[in-house]
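Colleague: I'd like to go through this one with you before I look at it on my own. Could you put it up?

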Amino acid sequence: MAEHLVFNGDQAIAYSWKQVNPDVVASYPITPQTIIVENFAEYAANGEVETEYVCAESEHSAMSLCIGAAAAGGRVATATASAGLAFMWEVLWIASSMRLPIVMSVANRALSGPINIHCDHSDAMGARDTGWVQIYGENVQEAYDDSLMSFRIAENMKVRLPVMNCIDGFIVTHALEKFIPIDDAVVKRYIGEFKPIRPLLDIKNATTYGPFTGNDYYFEHKFQISEAMKSAMGVVKDTFKEFEDLTGRKYDVVEGYMLDDADYVIMAIGSTAGTLRYVVDQLRAQGKKVGSLKLRLFRPFPFADIAKALEGKKAVAVMDRAMSTGSSGPLYPEVCAALYNSKDRPRICNYIYGLGGRDVKPDELAEVFDHLAKGTCKDINFMGVRQ
Amino acid sequence: MSLSLKELSKIEPRYTEGHRLCAGCAEPIIARQVLMATDKPVIVSNATGCFEVSSTIYPFTSWTVPWIHSAFENAAPTIAGVESAYIALKRKGKITEDIRFLSFGGDGATYDIGFQALSGAIERGHHFLYVCLNNEAYMNTGIQRSGATERGANTTTCPTGTCTPGKKEFSKDLTKIIIAHDLPYAAQASPHNYRDLMEKARKGFDANGPAFLNVIAPCPRGWRHDSSKTIDMAKLAVETCVWPLYEFDNGVYSMTGESKRIAEGSKEKRPVSEWLKAQGRFSQLMKPQWASVAEEIQQNVDKRWNALLKLCKN
């Protein structure tokens, strides 16, 4: 087993790319992702990778370069955040529609305006319908592991969709933590040779990519993407299992903590899940039957796994670090849908929290548990905002 | 390579029959000329527009070479991505062929929405030839103004009204802006002079870095001329100096074709009024009310032509 390293989340992702040695990395710097591309630029400058590293003049062009490179037959990675992901939004759909296995790390950051560089999930949640698999990591170890696994998931023949691996801006991207990398040779074997499908660079078998498609075929194309995304659920689970066999690190699409006998559960995505486990421990010490549920995979959405984890509980709070203005947080209605047909469904309420990097304090989460137990939470609540 | 019609007719077409462009459209004529200008394998990216939607209506395609369309504004970075993968795979020994990279975009995709992306790709030095099929408006969506639309032209977003004749502004001189990137090769061409166009395309394909070719592409629908007059119209654009044929080859400016002969005094420079009269989009300028606009267009054409003459003499 390799020695541990002390890296921040961005550095860990760049390190994973160094080990993967993609054919093309095309990117544009944006806080809090920038360290990824800076570190990778150093690897390229020092000849530690064979990658063609391209500094695009915008995120839209960065993703367009990735699309061209992946369609050409290359293994491709990029990274972005916030406004950068929003700027890519148009072409994200094209990447998935062409079934290009691009891997993109997203350092989750609030969207303007007002301009803010800190963590929330508005950026990636805004891209939830684009046909990209979305995995969320909690810490530096998961940032590294998810980045590696994303290549396997994206390139799986049952999937062949682009994958977004997300980490919380600053909280994970800039926090130094111990993590255990995998040996270079093991990564090389694990990732394997890239197998392009009908690449543009195969000049003897000319392929047309991105034709105009009218009402006679468009729907069928979209259905095929939906089927591929459905297959991704099994592929992600298999990938997690294989990764456990390789490293001993166990992952699942949803990960419960002290759930078995819990009456009250808080569900969250990303770094907040770590804070939640601390709060659960504190309250358990007081004899309170509480637990937490971390969501690792948002697309495809693990309806069945969530239903299994939460049915029979008395009350659940779904934490959303994003807001669909005029509705609720984006995670909440999907969790409700997952449980609607359960025989014994809990009361479910929504907490919008942490927007623009607002700190998430253990006391506040303990208070949410208190509201769940007392039945005093509304359907949609705001945690930690001055009203 | 030989540019005799006999020899050219033997070349296997890379852009074939079955496309759905309008009768009289200049774009397929230009595309075939460009694609015949190299005997190397070519991979094409295409911006959204007339040329794209008409050539690949799923499940059909008019392309016998690898081709990719992504979006409206990103033909340049898309082909740059293909070229980047090519460099990487060549470095790894996975590709041995010597391939050329080509982008097509209309003037909307090139002058307007994709301008930044094109500028970035040129600045980064990707090896590709970008061909602007310049029909001077957004024709695919029904004749809306672009940065390439000439002053006074009637389009659906700068319509002829009682207060204004049409577009208020002169066209953007994009070729000049592209040349400001100091790229290896840039030129203006016209499909009526296919030898000149193909020679420029060949230079663009073989340039040691990015190359840009701006080609005037008469549009019978948008320009309001008979579909049999496309080539005549392209020729008239050159003969009136509305569209000078010239090139910028590794820092050296030269007039070519008819423009060279006009510059040398061996060919008449025809008045812009002939160009305006030939097209319905300028018909309002023939009224006394807007006569001054026609005069301003002539003055602007003269200003740009004289500036270009100086550059070509240096």
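Modeller: What follows is a talk through a sheet, two helices, the contact between two chains and one loop residue.

Modeller: This is a predicted model, in which local features need pLDDT of at least 70, side-chain atom pairs count only at pLDDT 80 or more, and totals for chains, interfaces and linings use all residues. Residues are numbered from 1 along each chain as its sequence is written, chains are lettered from A and ligands numbered from 1 in the order in which they are written, and side-chain values use heavy atoms, with hydrogens and water left out.

Colleague: OK, the sheet in chain A: what is the strand order?

Modeller: The open sheet has six strands in the order S10-S12-S11-S14-S15-S16 (chain A), with mixed pairing; strands here are DSSP runs (E, at least two residues), helices are runs of H or I of at least four, both numbered from the N terminus, and two strands pair if DSSP finds at least two bridges between them. Strand S10 (254-257) and strand S16 (380-383) of chain A each have a single partner strand and stand at the edges, so one side of each is left without a neighbour in the sheet.

Colleague: And how does S14 pair with S11 and S15?

Modeller: S14 (residues 315-320) of chain A pairs in the parallel sense with S11 (residues 264-269) of chain A over four bridges, and S14(A) also pairs in the parallel sense with S15(A), over six bridges. Ala315(A) stands opposite Tyr264(A) and also opposite Arg347(A) in S15(A).

Colleague: Is S14(A) enclosed or open?

Modeller: Six of the six residues of S14(A) are buried (under 20% relative accessible area with a 1.4 Å probe, protein chains only; exposed is over 50%, partly exposed in between), so the strand is largely enclosed by the rest of the structure. Ala315(A), Ala317(A) and Met319(A) lie on one side, with Val316(A), Val318(A) and Asp320(A) on the other. In a regular strand the side chains alternate between the two faces of the sheet.

Colleague: Switching to H3 in chain A, how many of its residues are buried?

Modeller: For H3(A) the count is 14 of the 14 residues, so the helix is largely enclosed by the rest of the structure. At the N-terminal end of H3(A), Ser58(A) acts as a cap, with a side-chain oxygen 3.3 Å from the backbone nitrogen of His60(A), and just after the helix Gly73(A) takes a positive phi of about 120°.

Colleague: What about the area between chain A and chain B?

Modeller: The two chains bury about 3,300 Å² between them, 61% of it on carbon and sulfur atoms, where buried area is the accessible area (1.4 Å probe) that two parts lose on being put together, summed over both. Leu201(A), Ile203(A) and Phe212(A) supply 20% of the area that chain A buries against chain B, more than any other three residues.

Colleague: Last one: where does Asn74(B) sit, and what is it in contact with?

Modeller: Asn74(B) is in the loop between strand S2 (67-69) and helix H4 (75-91) of chain B, and at 1% relative accessibility Asn74(B) counts as buried. Leaving aside neighbours within four places in sequence, Asn74(B) is in contact (heavy atoms within 4.5 Å) with His60(A), Ser64(A) and Val91(A).

Notes
A polar contact is a pair of N or O atoms within 3.5 Å; within protein, one must be able to donate a hydrogen and the other to accept it, and residues adjacent in sequence count only if both atoms are side-chain atoms.
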